[in-house]
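Student: Can we go through how a few of the helices sit in this one? Bring it up and I'll ask as we go.

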Amino acid sequence: SPRAAASATRAARRRVVALMEAHDPSHGANERDDDDVAVGWQTAYHALLLVEKMSASCPKALESQSAVDDAFAAVSKTPFGKAEDARLDHPDAPWRAAQALLQHRHQWVQQAAARVVGRYLAAHGAAMAREMTSLTGAKSKADDDASRETSFLAPPVSLETVARASVAVLEQGAGAGAAELDEGLAEQTVKNLTFASAVLLRAAPSDADAAAEDAQDASISSSDDEIEHAEDGTSLANGRETSTVGRDGDASKETRVKRPPLPWLFRRVGKVGAGGVGAARAGALKFTAALGSGLGANGFARNPSVAAPLLLPAALCVDDAVKGVDEAHRDLAAQVLEVLRDAMPGDLFSRASAETRARIVGRRDARRKRKALEAVTDPERAARAKIVKSQKRAAARKRRVGEFRAGKGSGESAKKRARDV
């Protein structure tokens, strides 16, 4: 019956949390783990599935603070003692444990944890967003920091922690040891990341406010570092580098924020979108489209500095000079650019596209010049690089020949090959 299910849910909470915490990655790796296997992942996975079902069927019982029913009291206790039982039995404990498992090694555990965290955000995300954005610009910087310390860290799920963990999940599909992400994991990760990023951006200072703070800090401070940046026409404060020189060299004409808020977010997602594989790259592209669409004209007007970083992954994917991009990803990137074009106000899309294109061309030219210079300054290293490149081409050619011989070029009929298989 529903009542019995609610009582069982209430009683099982501390035991389920204990099982999830036993596999918390922050507690250190299991000694029996190796490069391919995360020992005990099944326990964490099924515990998360149970929390997911509890939150769907008995959400009030899952967060209830009432006493455990006498019929379930014996099985509800853990061997850790009363103090530990009280901590594990806190209504926030299941959500906090699920958030920690976002960084588990196994993708099934990551996906289940992402769904549980997504349920928490669906139920409490609106209130978290209102709390975070209401503090923006309402107090001094010191008061704001104190409020963040007392309010933002109080919920069991932290939006910044969710954002960083979600980016780390997508990063599994990029780099030298890239792994193919499960599509369901990538989809739920993008949903959580989009919501968390949108709220964090709305809670961050606007470009105009950041520029004003930087100008005020620069006028007060006289450190050697700021003097050096001032000589270059820039000031550095609050982690945001701001140009104070206009297009014609006149500092009074234009103030342009070079770095967006949350620079780590756009840098890391940009790398996945530019060099990821499979669902990871597709997820990064979909994230840029979803975030841009969610920001809308008002969001881009408030923080125009995010326009170019959002365009960069899609711009790289549609560039014919960039090799190794699947046609599906090129088509998706073209759609993303159209979504961002519609979301950005006025001529912001044109200016951001020009800035992004200049950045791509500049880096490409710098890389070409560095290779040319290396051939002169370090000929041995250049020769080794040339040999490695030749070996890769030979291996690719050999692979294509093998595939051709295994197909129509093998001299066998398709029927005979089918019989042999």
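Student: How are H10 and H14 oriented relative to each other, roughly parallel or roughly antiparallel?

Tutor: Bear in mind that this is a predicted model, where local features need pLDDT of at least 70, side-chain atom pairs count only at pLDDT 80 or more, and totals for chains, interfaces and linings use all residues. Residues are numbered from 1 along each chain as its sequence is written, and side-chain values use heavy atoms, leaving out hydrogens and water. The axes of H10 (residues 183–203) and H14 (residues 278–302) come within 9 Å and cross at roughly 25 degrees. Angles under 35 degrees count as roughly parallel and over 145 as roughly antiparallel, so H10 and H14 are roughly parallel.

Student: And which hand does the crossing of H10 and H14 have?

Tutor: Look at whether the near helix is turned clockwise or anticlockwise from the far one, by less than a right angle: anticlockwise is left-handed, clockwise right-handed. For H10 and H14 the crossing is right-handed.

Student: What should H2 span at 1.5 Å a residue?

Tutor: H2 (residues 41–57) has 17 residues, and the expected span is 1.5 Å times one less than that number. The end C-alpha atoms of H2 are 24 Å apart, which agrees with the expected 24 Å.

Student: Leu262 has a positive phi, near 55 degrees, without being glycine; is Leu262 buried or exposed?

Tutor: Leu262 lies in the loop between strand E3 (256–257) and helix H13 (263–275). Buried means under 20% relative accessible area and exposed over 50%, with a 1.4 Å probe and protein chains only. Leu262 has 16% relative accessibility, so Leu262 counts as buried.

Technical notes. Axes are lines fitted to C-alpha atoms, for helices over the stretch in contact, and angles run from 0 to 180 degrees between N-to-C directions. Helices (H or I, at least four residues) and strands (E, at least two) are DSSP runs, numbered from the N terminus. Angles under 35 degrees count as roughly parallel, over 145 as roughly antiparallel, 65 to 115 as roughly perpendicular and the rest as oblique.
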